Amino acid sequence: MPHPIPPPACNTCPDLTHGTTHPRANSDASTTRRTLLQRTLWSAAWVTAPAMVHPALAQARLQPTPRQTEGPYYPVALPADSDGDLLRNGTLQYAQGQPVWVEGRVTDTAGVPLAGGVVEIWQCDADGRYHHPGDGNKAAPSFQGFGRVTLGRDGRYRFRTIRPAPYTGRTPHIHFKVRLPQRELLTTQMYVAGDPGNARDFLWNNLSEAGRAALTVPFTQSSDGPRAEFALVVQA
Ligand SMILES: [Fe+2]
C-alpha cells in the first residue's frame, strides 16, 4: 500500500497544515507593506498639508514692522484733545513747522487690515519739545503733540501734524504705537527719507537695511500738501 504523500512542510515551523509559508510571515509582510504605505501617505500629507489646510500659509507673509524703543516721552496723561489733528489743541491752532499728512495702512502679516485697532503717534513740536515733565513741559500749548485714531475696515489711518523736527541727539522721527483694545501690538518710530540726521542717529544706525527701508519714508507733494505714507505690519 503506497504511503500517502505528506503536504509540503512549512519553512519556519513543523506544522504541515499550512504549506511552505508560515501565516505569520504573510502577516508580517502585509503589516510591513501597510506601514510603508502609511508612512508614504503621511510624508505626502506633511508636504502638502499647509497648502490644503491653511491656504494663507501658502502665500508670502509680510515682514512685521521693526520695533523701536518707546523713548522717555510717551504722555504721562493723555491730552483732553487727542484726535488725529495735532495742529489744533482744543481751541488753539499751531502755526509753527511744516504742516503735513502722515497716513498709512495697518495690516497683520497676512495682509489683513487691523480693523478696530488703534494707532497713536507722539512727537516733539517744531522747537524739539515734548509735552512731558521729563522735557520740562515746554512744548507749545497749541501743539497737540499726541494723537490717536481708530482703524476702520480698510485698516487706514491719517494724522494732520508737522513734519518731524530734530532735537538734541535725535534725527527727526515720529513715535508710533499700535494697539488692539486689550493688547499692545507694536511700538516703533517713523523716519524721514533723505534727512541728513539719519546717518548720525544711533537708533537709525542700529537698524538693518531692511529695517531702515521699512521705517524711513519720504514726504511727497499731494493735492492737499506734503504727505508721507507709512505702512505698518503687526503680528496680531
Ligand atoms: Fe522722540
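Good morning. I shall begin with one pair of residues: Gly 104 has Tyr 157 in β6 as its bridge partner. That pair belongs to the contact between β3 and β6, two strands that run antiparallel and are joined by 7 bridges. Please keep in mind throughout that this is a predicted model.

Let me stay with β3, which spans residues 99–108. Its pairing with β11, residues 225–229, is parallel and consists of 3 bridges. Within β11, Arg 227 stands opposite Trp 101. A further 3 bridges connect β3 to β12, and here too the strands run parallel. Asp 108 finds its bridge partner in β12, namely Val 234.

Now the chain as a whole. It contains 4 helices and 12 strands. Of its 236 residues, 25% are buried. When we take contacts between residues at least 6 apart in sequence, 69% of them join residues at least 24 apart.

How far should the model be trusted, residue by residue? The mean pLDDT of the chain is 84, and 75% of the residues reach 70 or more. Residues 1–7 stay under 50, and the model gives this segment 3 contacts beyond four places in sequence. The pLDDT is also below 50 over residues 20–53, a stretch with 14 contacts beyond near neighbours in sequence.

I turn next to the open sheet. Five strands form it, in the order β5-β4-β7-β8-β9, with mixed pairing. Its edge strands are β5 and β9, each of which pairs on one side only. At the β9 edge, β8 and β9 run parallel and are joined by 2 bridges. Val 192 has Val 217 as its bridge partner in β9. As a general reminder, side chains in a regular strand alternate between the two faces of the sheet.

What of the interior? The largest nonpolar core has 35 residues, and those touching the most other members are Val 106, Val 119, Phe 176, Val 178, Leu 232 and Val 234. At least two core residues come from each of β3, β4, β6, β7, β8, α4 and β12. The most generous contributor is β8, which gives 4 residues.

Val 234 deserves a second look, since we have already met this residue as the partner of Asp 108. Beyond its neighbours within four places in sequence, Val 234 contacts Pro 64, Thr 65, Val 106, Asp 108, Leu 114, Val 178, Leu 185 and Leu 186. Two of these, Val 106 and Val 178, are also among the core residues that touch the most other members.

I should now like to consider the loop between β4, residues 118–122, and β5, residues 146–150. Three of its residues merit comment.

The first is Ala 126, which lies in this loop. Is Ala 126 exposed, or partly exposed? It counts as partly exposed because it has 17 C-beta neighbours inside 10 Å. Its C-alpha is 5.5 Å from that of Ala 165, although 39 residues separate the two in sequence. Leaving aside neighbours within four places, Ala 126 is in contact with Gln 96, Gly 97, Ile 162 and Ala 165.

The next is Asn 137, also in the loop between β4 and β5. Its phi is positive, about 50°, although this residue is not a glycine. For context, most residues other than glycine have a negative phi. Asn 137 counts as exposed because there are 12 C-beta neighbours inside 10 Å.

The last is Pro 141, again in the loop between β4 and β5. Pro 141 is partly exposed, with 13 other C-beta atoms within 10 Å. From C-alpha to C-alpha, Pro 141 and His 131 are 8.4 Å apart, with their positions 10 residues apart in sequence. Setting aside neighbours within four places, Pro 141 is in contact with Asn 89 and Leu 92.

I close with Pro 75, found in the loop between α2, residues 55–58, and β1, residues 88–89. Which residues does Pro 75 contact, leaving aside its neighbours within four places in sequence? They are Trp 122, His 131, His 132 and Phe 146. In the case of Phe 146, the C-alpha atoms are separated by 7.7 Å, and the two residues are 71 apart along the chain. Pro 75 itself is partly exposed, having 14 other C-beta atoms within 10 Å.

Thank you for your attention.

Methods: Residues numbered from 1 in each chain as written. Predicted model: local features only at pLDDT ≥ 70, side-chain atom pairs only at ≥ 80, totals over all residues. Buried ≥ 20, exposed ≤ 12 C-beta atoms within 10 Å, placed from the backbone. Core = buried A, V, L, I, M, F, W, Y, C linked by C-beta atoms within 7 Å. Contact = placed C-beta atoms within 7 Å. Pairing = 2+ DSSP bridges. pLDDT = per-residue confidence, 0-100.
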